[in-house]
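Trainee: Before I rely on a model like this at the bench, I would like to learn how its features are read, one after another.
Mentor: Then let us look at it together.

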Amino acid sequence: MLKVKNGDLDKLGLLYERHKKKLFGFFYNLGNNPSISEDLVQNVFMRMLQYRNSYSGEGAFGAWMFKMARNANYDFHKKTLQTGVLRSTSEIQIKDPIEDRLNEEIEREDNNALLQKALEKLPKGKRELLVLAKYKGLKFSELAQIIGCSEGAAKVRVHRALKELRIIFLELEIG
């Protein structure tokens with residue numbers, strides 16, 4: 001990114017190839033459909049180009065990138081609320097076992113579907129934290145940088161979000 005900042009704009013293509021899947025997964029796990037997720041990935045890289053001078057090189061590039069992604073997602077949803085445009089969210093796909101599968105595999109799929117439903121029931125901020133921390137594997141220091149708090153506060157927020165997710169998951173499992 002430092003090379004892009006210094007005028008070597010061709011390096012942005014390399015960054016795109018390296019990080020497009022991570023960003024797509026981030027947006028998709030936040031409940032955006034694939035088409036919107038792809039658009040948001042493009043939006044992040046356009047913002048990277050536009051705001052390349054704001055990149056200081058301090059801290060992790062991933063934290064800077066996901067902070068930009070988080071803002072792009074927020075701006076998109078704010079805009080859709082203002083314009084009244086409805087967006088379609090990704091549907092949970094529960095696959096029916098076509099082949100003769102083991103009971104463990106079926107149970108794992110059911111748990112994954114329940115987990116996805118539970119994740120969707122979490123408040124947006126907590127869902128975002130868990131996607132970044134658990135699905136994208138960001139360190140607490142990177143997460144703290146993104147959400148603008150201390151590393152300890154980031155750990156507490158993720159722990160509380162996990163605790164709430166666990167409660168929602170158990171309620172779905174019982175009900």
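The dialogue below goes from the whole chain to one helix and then to aromatic rings.

Mentor: This is a predicted model, in which local features need pLDDT of at least 70 and side-chain atom pairs count only at pLDDT 80 or more, while totals for chains, interfaces and linings use all residues. Residues are numbered from 1 along each chain as its sequence is written, and side-chain values use heavy atoms, with hydrogens and water left out.

Trainee: How many helices and strands does the protein chain have?
Mentor: Helices (H or I, at least four residues) and strands (E, at least two) are DSSP runs, numbered from the N terminus. The protein chain has 8 helices and 0 strands.

Trainee: What share of the residues in the protein chain is buried?
Mentor: Buried means under 20% relative accessible area, exposed means over 50%, and partly exposed lies in between, with a 1.4 Å probe and protein chains only. Of the 175 residues in the protein chain, 35% are buried.

Trainee: How does the span of helix α2 agree with its number of residues?
Mentor: The expected span of a helix is 1.5 Å times one less than its number of residues. Helix α2 covers residues 11–29, so its 19 residues should span 27 Å, and the end C-alpha atoms are indeed 27 Å apart.

Trainee: Where is the kink in α2 centred?
Mentor: The bend at a residue is the angle between axes fitted to the seven residues ending there and the seven starting there. In α2 there is a kink of about 50 degrees, centred on H19.

Trainee: Is H19 buried or exposed?
Mentor: H19 counts as buried because its relative accessibility is 11%. Taking contact as heavy atoms within 4.5 Å, and not counting residues up to four places away in sequence, H19 touches F45, F61 and M65. Other buried residues of α2 include L12, L15 and L23, and α2 is followed by G31, whose phi is positive, near 105 degrees.

Trainee: How many aromatic pairs are there?
Mentor: A pair of aromatic rings is described by the distance of the centres and the angle of the planes. Rings of Phe, Tyr and Trp (its six-membered ring) pair if their centres lie within 6.5 Å; planes under 30 degrees apart count as stacked, over 60 as edge-to-face and the rest as tilted. By this rule the count comes to 7 aromatic pairs. One of them, Y55 with F61, is edge-to-face, at 6.0 Å centre to centre and 75 degrees between the planes, and both Y55 and F61 are buried.
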